[in-house]
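Here is a short guided report to read alongside the structure. Let's walk through it together, from the sheet outwards.

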Amino acid sequence: MQIAFVAGATGYTGREVVRLLAARGVRTVAHVRPDSARADEWRRRFESEGAAVDTTPWVDAEITRTLSGLQPTHVFSLLGTTRARRRESASHSSSKSRESSESSESYEAIDYGLTAMLIRAAVASGSQPRFVYLSALGVREHVTNPYLLARWRAESMLRASGLPFTIARPSFITGPDRDESRPLERVGATIVDAAAGVARLFGAQRLAGSVRSMTGSELAVGLVRLAFDAAAENATVGADELRAA
Ligand SMILES: NC(=O)c1ccc[n+]([C@@H]2O[C@H](COP(=O)([O-])OP(=O)(O)OC[C@H]3O[C@@H](n4cnc5c(N)ncnc54)[C@H](OP(=O)(O)O)[C@@H]3O)[C@@H](O)[C@H]2O)c1
């Protein structure tokens with residue numbers, strides 16, 4: 001039996017991954033953070049799709065206990081913070097606690113820290129699940145940008161973990177169906193999509209395919225397909241492979 005644990009299930013990509021996994025007959029557990037203001041709404045949605053909901057707190061021992069009990073065959077890490085979330089979290093804090101609030105919502109704390117916790121828990125579970133990590137285009141060694149660096153560290157830890165893995169590095173993930181407006185993301189996607197069109201005209205098909213944006217649904221189809229593809233085990237894939245899937 002295939003059993004999937006999805007962290008970041010409430011995100012633009014994660015919610016589609018949950019729906020597709022459940023529709024495929026995979027026993028799917030969607031993780032929702034326990035303090036989520038929309039916990040009831042997510043529970044109704046995921047349960048109606050045939051998935052179960054788990055609200056384990058982001059604490060090493062607790063996540064380890066959950067995965068050890070579940071014995072997943074697949075773990076998806078589809079989470080990460082954004083600059084807007086960090087600003088919002090800081091704006092709700094007093095000036096004294098603003099600094100600690102910013103660091104607790106940093107790329108290091110969320111994009112690296114929570115994925116690292118999930119990798120440790122997946123290893124400790126003993127079920128050797130395929131770990132599917134949603135990284136990003138541009139991640140490589142020696143980057144200094146904090147977002148890319150956090151993701152490089154998570155990728156490196158996963159490669160050294162001994163778990164079978166699939167790492168996905170899409171370009172922009174965007175579409176009219178995203179809840180938040182994220183204007184910068186839409187503008188960025190429009191620019192790279194136009195550049196991809198020009199690259200294709202000049203025969204640079206591979207470059208064009210790797211930079212072109214995807215919707216959450218397109219990406220989810222690729223992630224789920226590759227998660228069960230033996231050829232994608234221990235592979236790092238870009239947008240073109242995700243789309244081809
Ligand atoms: N957007 C892009 O263009 C792009 C491109 C390449 C890669 N990526 C990466 O791909 C991943 C998924 O993208 P997406 O657009 O689907 O993400 P998204 O819609 O922003 O969803 C992010 C997920 O992370 C969770 N999360 C955020 N902060 C958290 C925290 N402090 N504690 C616990 N959970 C937290 C969210 O939970 P809540 O719903 O509870 O907040 C949500 O489930 C992200 O990590 C992103 O960096 C994004």
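## A loop to start with

A good place to begin is His 142, which sits in the loop between β5 (130-134) and α7 (146-160). Please keep in mind that this is a predicted model. His 142 has a positive phi of about 65 degrees, although it is not a glycine. With a relative accessibility of 72%, His 142 counts as exposed.

Gln 71 also has a positive phi without being a glycine, with a value near 50 degrees. This residue belongs to the loop between α3 (60-70) and β4 (74-77). Gln 71 counts as partly exposed, at 34% relative accessibility.

## The sheet

Now to the strands. The model has an open sheet of seven strands, and their order is β3-β2-β1-β4-β5-β6-β7 with parallel pairing. At its edges are β3 (52-54) and β7 (235-238), each of which pairs on one side only. On average, neighbouring strands of this sheet are turned by 20 degrees against each other, direction ignored.

As a general reminder, strands of a sheet pair through backbone hydrogen bonds, in either a parallel or an antiparallel way. For one pair in detail, look at strand β1 (residues 3-7) and strand β2 (residues 27-31), which pair in the parallel sense over four bridges. Here Ala 4 stands opposite Thr 28 in β2.

## Helix α1 and its cover

Helix α1 lies across β1, β2 and β4, and runs at about 170 degrees to β1. How much of α1 is covered? Seven of its ten residues are buried, so the helix is mostly covered. The buried residues are Gly 14, Arg 15, Glu 16, Val 17, Val 18, Leu 21 and Ala 22. What do they pack against? Their partners are β1, β2, β4, α2 (39-48) and α10 (216-227). Just after α1, Gly 25 takes a positive phi of about 90 degrees.

Within α1, Arg 19 forms a salt bridge with Glu 16, and the closest N and O atoms are 2.9 Å apart. These two are three residues apart in the helix, which means that about one helical turn separates them. In general, an α-helix has 3.6 residues a turn, so residues three or four places apart point the same way. The two partners differ in accessibility: Arg 19 is partly exposed, with a relative accessible area of 34%, whereas Glu 16 is buried, at 13%.

## Salt bridges across the chain

A search of the whole structure finds 15 salt bridges. One of them joins Asp 179 to Arg 15, with the closest N and O atoms 3.1 Å apart. Asp 179 lies in the loop between β6 (165-169) and α8 (183-201) and Arg 15 in helix α1 (residues 14-23), so the pair ties together parts that are 164 residues apart in sequence. Asp 179 is partly exposed at 48% relative accessibility, while Arg 15, at 10%, is buried.

Another salt bridge brings together the side chains of Arg 153 and Glu 108, at 2.2 Å from N to O. Because Arg 153 lies in helix α7 and Glu 108 in helix α6 (residues 108-125), this pair ties together parts that are 45 residues apart in sequence. Arg 153 has a relative accessible area of 33% and is partly exposed; Glu 108 is partly exposed too, at 38%. Elsewhere, salt bridges that share partners join Arg 15, Arg 38, Glu 41 and Asp 179 into one network.

## Where α6 meets α7

The axes of α6 and α7 come within 8 Å and cross at roughly 10 degrees. Angles under 35 degrees count as roughly parallel, so α6 is roughly parallel to α7. From α6, the residues that meet α7 are Glu 108, Asp 111, Tyr 112, Thr 115, Ala 116, Ile 119 and Arg 120. On the α7 side they meet Tyr 147, Ala 150, Arg 151, Arg 153, Ala 154, Met 157 and Leu 158. By class, this contact has eight nonpolar, one polar and five charged residues.

Helix α6 also brings us back to the sheet: it lies across β1, β4 and β5, running at about 175 degrees to β5.

Methods. Residues are numbered from 1 along each chain as its sequence is written. This is a predicted model: local features need pLDDT of at least 70, side-chain atom pairs count only at pLDDT 80 or more; totals for chains, interfaces and linings use all residues. Side-chain values use heavy atoms; hydrogens and water are left out. Buried means under 20% relative accessible area, exposed over 50%, partly exposed in between (1.4 Å probe, protein chains only). A salt bridge is a side-chain nitrogen of Lys or Arg within 4 Å of a carboxyl oxygen of Asp or Glu. Axes are lines fitted to C-alpha atoms, for helices over the stretch in contact, and angles run from 0 to 180 degrees between N-to-C directions. Angles under 35 degrees count as roughly parallel, over 145 as roughly antiparallel, 65 to 115 as roughly perpendicular and the rest as oblique. Contact means heavy atoms within 4.5 Å. Ala, Val, Leu, Ile, Met, Phe, Trp, Tyr, Cys and Pro count as nonpolar, Asp, Glu, Lys and Arg as charged, and the others, Gly among them, as polar. Two strands pair if DSSP finds at least two bridges between them.
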